[in-house]
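Welcome! Please open the structure in your viewer and keep the selection tool handy.

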Amino acid sequence: MATKAKVKVGNPYHQHRERQRRRILDAAKEIFDERGIDRTTMAEIMAATGLRASTLYEYFSKKDDIVWAIFSDMIEEDSARAKIAVEGATTGLAKIMALLEHMADQLSNDSAKIRFMAQFDAMYARDWPVERLLTLEGQLNDIGFEGFKKLIREGIDDGSLRRGLDPDLTLHAVINAVIGAQRRLASLGTKVELEYGQSIDSLFKEMIRIVEFGLRAPAPSNKNGPAPRVKARKGSKGKRTL
């Protein structure tokens with residue numbers, strides 16, 4: 001695990017420690033986006049920071065620790081922004097759609113972060129245990145799996161979501177579909193636009209619209225039955241009109 005701990009910013013020593021930590025993480029993020037996490041070495045990160053090896057290793061013992069520190073910071077930041085995104089939404093569906101629109105904004109305005117997340121996913125699938133991720137998300141992310149599941153239940157109860165939805169199944173289906181699309185589009189970027197002739201933003205927003213259609217409760221049916229059909233009548237020249 002990383003040797004860093006988020007220090008309380010107060011005295012000059014703590015401020016210096018936090019600046020050094022940020023210097024390392026910012027340099028690593030830039031290299032990861034340019035070269036890829038797998039192809040980046042600790043020596044390259046050290047060169048980019050301008051720090052001595054002894055200083056770098058005082059904060060992080062290996063590259064994996066840097067990756068997890070960046071991921072942890074991103075999850076914490078996203079959690080805070082997600083809370084703001086749902087403020088003012090009054091139904092379960094409205095809150096879910098606010099979160100998905102927040103993800104659309106991320107794709108438009110911070111694609112480098114989404115590309116990092118895509119790389120993280122690949123390394124997580126190959127190298128790291130599920131427990132490590134669940135522990136971190138449980139510590140940092142209030143709008144995580146359980147929070148999203150509560151929004152689904154809330155939407156079913158308030159009538160904004162379909163009654164037949166299974167909260168657990170719907171949760172994972174929506175999360176995997178949306179996150180998968182967001183990270184693929186960010187990773188492929190202009191290649192997707194050249195292949196499909198559509199911007200990544202418009203493709204992602206269309207996917208969100210389709211998800212909303214699948215979640216939204218159907219409009220109430222007309223209790224009086226379908227509107228009566230109006231018989232056609234002949235016009236002045238024998239043409240049939242309504």
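This tour goes from the whole chain to two helix pairs, then to some charged side chains and a loop.

**Before you click**

You are looking at a predicted model, in which local features need pLDDT of at least 70, side-chain atom pairs count only at pLDDT 80 or more, and totals for chains, interfaces and linings use all residues. Residues are numbered from 1 along each chain as its sequence is written, and side-chain values use heavy atoms, with hydrogens and water left out.

**Stop 1: the whole chain**

Show the protein chain as a cartoon. You will find 11 helices and two strands. Helices (H or I, at least four residues) and strands (E, at least two) are DSSP runs, numbered from the N terminus. Follow the chain from the N terminus and the order of elements is α-α-α-α-α-α-α-α-α-α-α-β-β.

Now switch on the surface. Of the 242 residues, 39% count as buried; buried means under 20% relative accessible area, exposed means over 50%, and partly exposed lies in between (1.4 Å probe, protein chains only). Take contacts next, meaning heavy atoms within 4.5 Å. Among contacts between residues at least 6 apart in sequence, 68% join residues at least 24 apart.

**Stop 2: helix 1 and helix 2**

Two packed helices are described by the angle between their axes and the distance between the axes. Axes are lines fitted to C-alpha atoms, for helices over the stretch in contact, and angles run from 0 to 180 degrees between N-to-C directions.

Select residues 12-35 (helix 1) and 42-49 (helix 2): they pack at an angle of about 120 degrees, and their axes are 9 Å apart. Helix 1 is therefore oblique to helix 2. Angles under 35 degrees count as roughly parallel, over 145 as roughly antiparallel, 65 to 115 as roughly perpendicular, and the rest as oblique.

Which residues of the two helices meet? Colour Arg23, Ile24, Ala27, Ala28, Ile31, Phe32 and Arg35 in helix 1, then Glu44, Ile45, Ala48 and Thr49 in helix 2. By class, this contact has seven nonpolar residues, one polar and three charged. Here Ala, Val, Leu, Ile, Met, Phe, Trp, Tyr, Cys and Pro count as nonpolar, Asp, Glu, Lys and Arg as charged, and the others, Gly among them, as polar.

**Stop 3: helix 5 and helix 11**

Move on to helix 5 (92-109) and helix 11 (residues 200-215). Their packing angle is about 170 degrees, with the axes 10 Å apart, so helix 5 is roughly antiparallel to helix 11. The contact of these helices has 12 nonpolar, one polar and four charged residues. Including Leu93, Ile96 and Met97, residues of helix 5 meet residues of helix 11, among them Ile200, Phe204 and Ile208.

**Stop 4: charged partners**

Side chains of opposite charge can pair when their charged atoms come close. A salt bridge is a side-chain nitrogen of Lys or Arg within 4 Å of a carboxyl oxygen of Asp or Glu. How many salt bridges does the whole structure hold? The search finds 20.

- Show Arg35 and Glu44 as sticks: they form a salt bridge, with the closest N and O atoms 3.4 Å apart. Glu44 is partly exposed at 28% relative accessibility, and Arg35 is partly exposed at 36%.
- Go back along helix 1 to Arg22 and Asp26, whose salt bridge has its closest N and O atoms 3.4 Å apart. Arg22 and Asp26 are four residues apart in helix 1, so about one helical turn separates them.
- Widen the selection to Glu18, Arg21, Arg22, Asp26, Lys29 and Asp73, which are linked in a network of salt bridges.

**Stop 5: Lys149**

Select Lys149 in helix 8 (residues 145-158). Is Lys149 buried or exposed? With a relative accessible area of 10%, Lys149 is buried. The side chain of Lys149 meets that of Glu146 in a salt bridge (3.4 Å, N to O). Glu146 is partly exposed, at 49% relative accessible area. Leaving aside residues up to four places away in sequence, Lys149 touches Pro167, Asp168 and Leu171.

**Stop 6: a loop residue**

End at Glu87, in the loop between helix 4 (63-86) and helix 5. Glu87 is exposed, with a relative accessible area of 61%. Measure from Glu87 to Ala98, C-alpha to C-alpha: these residues are 11 apart in sequence and 8.8 Å apart in space.
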